[in-house]
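Biologist: Please walk me through a model as you would with a beginner, giving the general idea of each feature before the case at hand.

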Amino acid sequence: MVFKHKNWIDFCHIAPTAHLDLVDGRPVHLVLAHLIEEDDSYAQWYVDQKAKYDCTLIMDNSAFEMYKQNKPMYDPSKLIDMGKKVQADYIVLSDYPGSESMETIEAATVQAPVFKEYGFGTFFVPQGEKGDLNDLLYSFKFAMNNPDIVDYIGISILAAPLAFDVEQGNNLQRFNSRLRLMYELDRIGWFEKTLKNFQKIHMLGMLDGPNEIMFMKQFRKYIDTWDSSAAVWLGLNNETFDNSPTGRMEGKFEKEVDFDWKTEDTESLTKAIENMAYIDYLCKES
């Protein structure tokens with residue numbers, strides 16, 4: 001029997017801690033390690049969500065945030081402690097954007113058995129050296145060929161732009177880079193193999209507009225989950241998605257998310273809800 005993925009995507013909207021009510025009751029959440037470490041109320045909110053809704057919790061390792069801030073990645077033992085604190089179902093293994101694939105692979109081979117021993121599912125994020133697509137594909141092949149190590153595979157917001165060397169300076173190329181990567185993976189039979197392996201697939205973050213989801217329609221049946229702060233954060237800054245081809249004329253909203261942000265402005269909150277509804281619409285079965 002071959003496992004068939006559902007034909008819709010469970011989207012994990014990410015919100016500042018004062019506005020977690022916006023994501024109440026969703027079936028899957030992506031929780032951030034650095035916020036679990038810094039904010040007990042944030043961790044407890046997700047513990048309560050799990051108790052109330054039996055939702056799935058994926059604990060990210062905050063590699064994107066650490067990469068952008070030029071900070072070292074979290075120690076694996078810290079990730080285990082934080083995973084316990086929030087009662088995570090999966091923990092994202094350490095990954096190293098822009099570095100040779102073996103750095104991420106070697107970390108996974110060491111960490112995965114330990115994470116599994118503590119009862120966590122493993123979430124592997126393929127990475128490769130900047131400008132080297134073949135190196136990135138090697139990392140994806142490792143995940144495909146090691147279902148005993150890798151339960152969930154995250155397709156990074158950074159991996160494709162870095163592999164094609166378009167992470168900065170050209171939004172058009174950056175926006176299309178992950179879609180191009182998907183076609184490369186399809187060419188080598190990667191999706192069908194992961195399907196047979198019962199491995200789940202997650203899209204990490206969003207590039208230059210929500211319509212990236214629309215353009216991934218060919219691959220929808222393979223994508224279990226997707227996350228982004230784009231809908232909530234853009235709305236809380238009193239902006240909405242638009243009718244441009246990508247869904248946002250200016251591309252990615254580059255203002256760093258302030259997780260301490262709090263507003264009582266009803267217009268901004270309404271825009272956040274509208275943005276979320278648009279993304280949820282794109283993720284539905286069609």
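**Reading burial, pairing and charge**

Modeller: Let us begin with Asp-280, which counts as partly exposed at 22% relative accessibility. The word follows a fixed scale, on which buried means under 20% relative accessible area, exposed means over 50%, and partly exposed lies in between, with a 1.4 Å probe and protein chains only. What you see is a predicted model, in which local features need pLDDT of at least 70 and side-chain atom pairs count only at pLDDT 80 or more, while totals for chains, interfaces and linings use all residues. Residues are numbered from 1 along each chain as its sequence is written, and side-chain values use heavy atoms, with hydrogens and water left out.

Biologist: Which residue meets Asp-280 in a salt bridge, and how should I read such a contact?

Modeller: Side chains of opposite charge can pair when their charged atoms come close. The rule used here asks for a side-chain nitrogen of Lys or Arg within 4 Å of a carboxyl oxygen of Asp or Glu, and by it the count comes to 14 salt bridges. The partner of Asp-280 is Arg-26, at 2.8 Å from N to O. Arg-26 sits in the loop between strand E1 (10-13) and E2, whereas Asp-280 belongs to helix H12, so this pair ties together parts that are 254 residues apart in sequence. Arg-26, at 15% relative accessibility, counts as buried. The labels for helices (H or I, at least four residues) and strands (E, at least two) come from DSSP runs, numbered from the N terminus.

Biologist: What links Arg-174, Asp-208 and Glu-254?

Modeller: These three residues are linked in a network of salt bridges. Within the network, Asp-208 pairs with Arg-174, and their closest N and O atoms are 2.7 Å apart. Because Asp-208 lies in the loop between strand E7 (200-204) and helix H10 (212-215) and Arg-174 lies in helix H8 (residues 171-187), the pair ties together parts that are 34 residues apart in sequence. Both Asp-208 and Arg-174 are buried.

Biologist: Where do Glu-184 and Arg-187 lie, and how many residues apart are they?

Modeller: Glu-184 and Arg-187 are in helix H8, and being three residues apart they are separated by about one helical turn. They form a salt bridge whose closest N and O atoms are 3.0 Å apart. Glu-184 is buried at 14% relative accessibility, but Arg-187 is exposed, with a relative accessible area of 59%.

Biologist: Now the strands, please: in which sense do E2 and E3 pair?

Modeller: Two strands are said to pair if DSSP finds at least two bridges between them. Strand E2 (residues 28-32) runs parallel to E3 over five bridges, and one bridge joins Val-31 to Met-59 of E3. On to strand E4 (residues 90-92), which pairs with E3 in the parallel sense over two bridges, with Ile-91 as the partner of Met-59. E4 also pairs with E5 in the parallel sense, over three bridges, one of which links Tyr-90 to Gly-121.

Biologist: Why is strand E3 described as largely enclosed?

Modeller: Four of the five residues of E3 (residues 56-60) are buried, so the strand is largely enclosed by the rest of the structure. In strand E5 (residues 121-124), Gly-121 and Phe-123 point one way and Thr-122 and Phe-124 the other way, and all are buried.

Biologist: What sign does phi have in Gln-87?

Modeller: Phi of Gln-87 is positive, near 60°, in a residue other than glycine. Gln-87 lies in the loop between helix H4 (76-86) and E4, and it is partly exposed at 42% relative accessible area. Asn-238, likewise not a glycine, has a positive phi of about 65°; Asn-238 is found in the loop between H11 and H12.
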